[in-house]
Amino acid sequence: MDINLPGISGIQALGILADDPATSHIPVVALSANAVPRDVEKGLEAGFFRYLTKPIKVKEFMHTLEVALDFAESKSARMGETEGS
């Protein structure tokens, strides 16, 4: 998710997703041209799974997607076990 969205910040949008049980389990990756260390720190503190900066480094992006998908899959499996118990 881009940090600088029209009409809403990515951090605000992340909060909406985090508050909704239907989407709260989805790892959200920030993508932004805001690349100073404080911007990255602020994004991670807000709850982004990872914070990537533009221009995109393809290997880093692909690795992040892989990690996020693995995380989501394992979290979904744990949630299924809990619901089935």
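**Close-up views of the model**

**View 1. Lysine 54 and its surroundings.** Once neighbours within four places in sequence are set aside, lysine 54 is in contact with Asp2, Leu31, Ser32 and Ala33, contact here meaning heavy atoms within 4.5 Å. A quick note on what you're looking at: this is a predicted model, with residues numbered from 1 along each chain as its sequence is written, and local features need pLDDT of at least 70, while side-chain atom pairs count only at pLDDT 80 or more. Totals for chains, interfaces and linings use all residues, and side-chain values use heavy atoms, with hydrogens and water left out. Lysine 54 sits in the loop between β4 and α3; helices (H or I, at least four residues) and strands (E, at least two) are DSSP runs, numbered from the N terminus. With a relative accessible area of 39%, lysine 54 is partly exposed, on a scale where buried means under 20%, exposed over 50% and partly exposed in between (1.4 Å probe, protein chains only). Leucine 17 is 37 residues away from lysine 54 along the chain, and their C-alpha atoms are separated by 23 Å.

**View 2. The peptide bond between lysine 54 and proline 55.** Is this bond cis or trans? The bond from lysine 54 to proline 55 is cis, with omega near -5 degrees. As background, most peptide bonds are trans. Proline 55 belongs to the loop between β4 and α3. Just before lysine 54 comes threonine 53, found in strand β4. Threonine 53 counts as buried at 18% relative accessibility. Leaving aside neighbours within four places in sequence, threonine 53 is in contact with Leu31, Ser32, Asn34, Ala35 and Val40.

**View 3. The nonpolar cores.** The largest core is made of 6 residues: Ile3, Leu14, Val28, Ala30, Phe48 and Tyr51. A nonpolar core is a set of buried Ala, Val, Leu, Ile, Met, Phe, Trp, Tyr and Cys residues joined through side-chain atoms within 4.5 Å. A second, separate core has 5 residues, among them Val29, Leu31, Leu52 and Ala68. Back in the largest core, alanine 30 is in contact with Met1, Ile3, Phe48, Arg50, Tyr51 and Leu52, leaving aside neighbours within four places in sequence. Leucine 14, another of the core's members, sits in helix α1 and counts as buried at 7% relative accessibility. Not counting residues up to four places away in sequence, leucine 14 touches Met1, Val28, Ala46, Gly47 and Phe48. The C-alpha atoms of leucine 14 and isoleucine 3 are 9.5 Å apart, with their positions 11 residues apart along the chain.

**View 4. The largest pocket.** Which residues lie nearest the centre of the largest pocket? They are Leu14, Ser24, Ile26, Val28 and Gly47, out of 14 lining residues. The pocket search puts a 1 Å grid over the protein atoms alone: a pocket is an open set of points where a 1.4 Å probe fits, with protein on both sides within 12 Å along at least five of seven lines, and lining residues have an atom within 4 Å of a point. The volume is about 150 Å³, taken as the space filled by probe spheres set on the points, which are joined across faces, edges and corners. Both α1 (10-19) and α3 (58-84) supply at least two lining residues each, and α1 gives the most, with 3 residues. By residue type, the lining divides into 9 nonpolar, 4 polar and 1 charged (Ala, Val, Leu, Ile, Met, Phe, Trp, Tyr, Cys and Pro count as nonpolar, Asp, Glu, Lys and Arg as charged, and the others, Gly among them, as polar).

**View 5. The aromatic pair.** The count of aromatic pairs comes to 1. That pair is phenylalanine 49 with phenylalanine 71, tilted, at 5.1 Å centre to centre and 40 degrees between the planes. Rings of Phe, Tyr and Trp (its six-membered ring) pair if their centres lie within 6.5 Å; planes under 30 degrees apart are stacked, over 60 edge-to-face, and the rest tilted. Phenylalanine 49 lies in the loop between α2 (37-46) and β4 (50-53) and phenylalanine 71 in helix α3, so the pair ties together parts that are 22 residues apart in sequence. Phenylalanine 49 counts as buried at 17% relative accessibility, whereas phenylalanine 71 counts as partly exposed at 32%.

**View 6. Threonine 64 in helix α3.** Buried or exposed? Threonine 64 is buried, with a relative accessible area of 6%. Not counting residues up to four places away in sequence, threonine 64 touches Val29, Arg50 and Leu52.
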